[in-house]
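I pulled this one up to see how a few of its helices sit against each other. My notes follow.

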Amino acid sequence: MSSQDQPYIDPSEIALEEAMVQRFKNASDAFWSGIRDAAGAPAIVLFADMVGFGAMGKTNGFDVWFTTFTSFFMCALPGQVVLLEMAITGSSVFAIALAGTLTSTRFITMTVTLFP
């Protein structure tokens, strides 16, 4: 069956269960529900990853300010690890920037998929 034979379903037309409609009556309820959901396993995993990255930076002679700076301004652990490893090996700034950019290209597919 080709994609042309399949009917288009508008997501806004799908009836939600009554519990979901009641759960997200307003933006504040949705926000705090998201905070509660993110405070569990995702927060623990992210915290452990950042501790590991800090330990990697400390082991290789980078100070706490450098690792904190990369955490706040890069916001993606794979790019931070690539930056740190390439800085350790003495790569050029252009090569580090290119490698960091290439590790972030995974966000393009997610953005294109979720954009419509």
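Which exposed residues does the face of α6 turned away from its buried side carry? I looked and found Phe94 and Leu102 there. I kept in mind that this is a predicted model.

Next I checked the buried side of α6, residues 93-103. Ile96, Ala99 and Gly100 are the ones I noted as buried. They span an arc of only 100 degrees around the axis, so they lie on the same side of α6. That fits the general rule: an α-helix has 3.6 residues a turn, so residues three or four places apart point the same way. I also asked what covers these buried residues of α6, and α5 is included in the cover.

That sent me to α5, residues 77-89, and its pairing with α3, residues 41-59. I found that their axes come within 11 Å and cross at roughly 5 degrees. An angle under 35 degrees counts as roughly parallel, so I put α3 and α5 down as roughly parallel to each other.

Then I listed who meets whom. From α3 I have Asp49, Met50, Phe53, Met56 and Gly57, and they meet Leu77, Gln80, Val81, Leu84 and Glu85 of α5. Sorted by class, this contact has six nonpolar, two polar and two charged residues.

Last, I looked along α3 itself. Its 19 residues reach 27 Å from first C-alpha to last, close to the 27 Å expected at 1.5 Å a residue. After α3 comes glycine 61, and I noted that its phi is positive, near 90 degrees.

Methods. Residues are numbered from 1 along each chain as its sequence is written. This is a predicted model: local features need pLDDT of at least 70, side-chain atom pairs count only at pLDDT 80 or more; totals for chains, interfaces and linings use all residues. Side-chain values use heavy atoms; hydrogens and water are left out. Axes are lines fitted to C-alpha atoms, for helices over the stretch in contact, and angles run from 0 to 180 degrees between N-to-C directions. Helices (H or I, at least four residues) and strands (E, at least two) are DSSP runs, numbered from the N terminus. Angles under 35 degrees count as roughly parallel, over 145 as roughly antiparallel, 65 to 115 as roughly perpendicular and the rest as oblique. Contact means heavy atoms within 4.5 Å. Ala, Val, Leu, Ile, Met, Phe, Trp, Tyr, Cys and Pro count as nonpolar, Asp, Glu, Lys and Arg as charged, and the others, Gly among them, as polar. The expected span of a helix is 1.5 Å times one less than its number of residues. Buried means under 20% relative accessible area, exposed over 50%, partly exposed in between (1.4 Å probe, protein chains only). The arc is that of the directions from the helix axis to the C-beta atoms.
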